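Let's take a walk through this one together, starting with how two helices pack and then moving on to the cores and the charged pairs. Have the 3D view open and follow along.

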Amino acid sequence: MKEAAAELGHLLVFAFLFCLGAFMVVPVITDVTMAALCPGEDQCSLAIYLTGLQQAITGLGALVVTPVIGNLSDRYGRKALLALPATLSVVPLAIMAFNQTRPYFYAFYVAKTLTAMVSEGAMMCLSLAYVADKVPEGRRAAAFGVFSGVCTAGFVGGTIAARFLSVSSTFQVATLASVAAAVYLRAFVQETDRGASLLRDEEASRLLFAPSSSPEEASPRLPPLRKAPSLSEMATLLTSSSTFTRAAVVTFFHSLGETGLQTALLYFLKAQFHYTKNQYANLLLIIGITGSFSQLTVMPLLAPKLGEKKLLVVALTGSCVHGFLYSIAWSFWVPYLAASCVILSILVSPCIRSIVSKKVGPSEQGMVQGCITGISSTASVISPLVFTPLTAWFLSETAPFNFKGFSLACAGFATLVALTMSINMRPAELQTDTR
């Protein structure tokens, strides 16, 4: 048990370093993009469209790649596949660390688009499968919350660093953090047995009372190796029970709203309240600190008492309030108030991941987590296609009416659909499977 805890601890350190490097550039990337494409302006349709295009391409790539990588990790190991996103994430950061002029920005844009197809979704998918390999079902929801909390702590650390560093120094430090994450993964994180130890624990009591005909039958076996899943196999998995189906729908609409919010928010704040790098950093600090506290403290306390289904409803309610409050912001301090709703909304993903994790065996954790990530990526493809032109339109002078936060309100309505579906999810569906 102590050895398993130590191995999970190394995974948490890796996740912290990875997120530290990845999120450190978030507060500065809007200003860098605007300076490269539309110098001296507070509104730039080209920047909005390029950001939306990048999100769509990244989501499409992750939709195809992440489920395959997740399933391959069931065969070749979590650590072996984690090395891929950990290494690729260094490339775009290194480009901007060298220079932030327009040619280098375009090189960064292309490299980020291509590498994010693998690095963003796959890192979370593989890490959660790693946690599922190590933690029994009864404590898995809290473990997912702790892992997400550590990732959010990396987000907080990166945002604090960006608050006090120059733009060029921010990219340089982010590159070093990403390199450190890749090296730490290689040196310290141990490969899992893909849940074989958990299977042995569950079968040990049966073997004590059940006779075996041969030593081979009594010895534990690793899960069978599997080929990469086809789209039909993934569709069959997601429709094999009402729990999977509803979890997939909730994931899709929640991701649709969250991605729409991310697409529009920073440009909305720039146009409406003339936010700068430091104000972005302050806002992201509130989000990060609140989210980290929620995942590390609130979820481990509430998940055992309320259950994942009730906690999911509460979290989605907070997510709806989060989006609607941003859309009607009437003063520069209102977004800071809206950011505090993250204490609830950030629990949506760990709840869904825990629900679906309990529905499959250890040999399918990578595949099912990859499928959920793939559904989220599908929403990430569709969302920019809808919210990018909507945001650019309502921030321009040709808007049909004066409501700059209209696209944010639409994102809130998408989350409201997810909330409705989660309320209709019956508690019994979380306990029994209909397969």
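Before we look at any packing, one bit of vocabulary: helix axes here are lines fitted to C-alpha atoms over the stretch in contact, and the angles run from 0 to 180 degrees between N-to-C directions. Keep in mind, too, that this is a predicted model.

With that in hand, find helix H13 (residues 277-306) and helix H14 (residues 308-327), which pack at an angle of about 160 degrees with their axes 10 Å apart. Angles over 145 degrees count as roughly antiparallel, so H13 is roughly antiparallel to H14. The crossing of H13 past H14 is right-handed. On the H13 side, the contact is made by Leu283, Ile287, Met299, Leu302, Ala303 and Leu306, while H14 brings Glu308, Lys310, Leu311 and Tyr326.

Two of those names lead us straight into the nonpolar interior. Ile287 and Tyr326 are, along with Phe171 and Leu269, the residues that touch the most other members of the largest nonpolar core, which has 50 residues. Helix H12 supplies the largest share of this core, 9 residues. Zoom in on Tyr326 and look at its neighbors, leaving aside residues up to four places away in sequence: it touches Leu261, Leu265, Phe268, Leu283, Ile287, Pro335, Ala338, Ala339 and Leu408. There's also a second, separate core of 30 residues, and Ala303, Leu312, Leu316 and Val360 are among its members. Ala303 is also one of the H13 residues in the contact with H14.

Now hop over to Leu347, in the loop between helix H16 (342-345) and helix H17 (348-357). Is this loop residue buried or exposed? Leu347 has a relative accessible area of 0%, so it counts as buried. What does Leu347 touch, if you skip residues up to four places away in sequence? Its contacts are Ser294, Gln295, Val298, Met299, Leu311 and Ala315. Pick Met299 out of that group: its C-alpha atom and that of Leu347 are separated by 7.2 Å, although the two residues are 48 apart along the chain. Met299 and Leu311 should look familiar, as both also take part in the contact between H13 and H14.

Finally, the charges. Side chains of opposite charge can pair when their charged atoms come close. How many salt bridges does the model have? The count comes to 3. One of them joins the side chains of Lys270 and Asp31, at 3.1 Å from N to O. This pair links distant parts of the chain, with Lys270 in helix H12 (residues 242-273) and Asp31 in helix H2 (residues 26-37), 239 residues apart. Lys270 is buried at 10% relative accessible area, whereas Asp31 is partly exposed at 21%.

For the others, center your view on Arg78. Its side chain meets that of Asp74 in a salt bridge at 2.6 Å, N to O, and also pairs with Asp133 at 2.7 Å. The Asp133 pairing links distant parts of the chain as well: Asp133 sits in helix H6 (residues 102-134) and Arg78 in helix H4 (residues 78-88), 55 residues apart. These salt bridges share partners and join Asp74, Arg78 and Asp133 into one network. Where do those side chains lie with respect to the surface? Arg78 is buried at 0% relative accessibility, Asp74 is buried at 8%, and Asp133 is buried at 0%.

Terms used:
Residues are numbered from 1 along each chain as its sequence is written. This is a predicted model: local features need pLDDT of at least 70, side-chain atom pairs count only at pLDDT 80 or more; totals for chains, interfaces and linings use all residues. Side-chain values use heavy atoms; hydrogens and water are left out. A salt bridge is a side-chain nitrogen of Lys or Arg within 4 Å of a carboxyl oxygen of Asp or Glu. Helices (H or I, at least four residues) and strands (E, at least two) are DSSP runs, numbered from the N terminus. Buried means under 20% relative accessible area, exposed over 50%, partly exposed in between (1.4 Å probe, protein chains only). A nonpolar core is a set of buried Ala, Val, Leu, Ile, Met, Phe, Trp, Tyr and Cys residues joined through side-chain atoms within 4.5 Å. Contact means heavy atoms within 4.5 Å. Angles under 35 degrees count as roughly parallel, over 145 as roughly antiparallel, 65 to 115 as roughly perpendicular and the rest as oblique. A crossing is left-handed if the near helix is turned anticlockwise from the far one by less than a right angle, and right-handed if clockwise.
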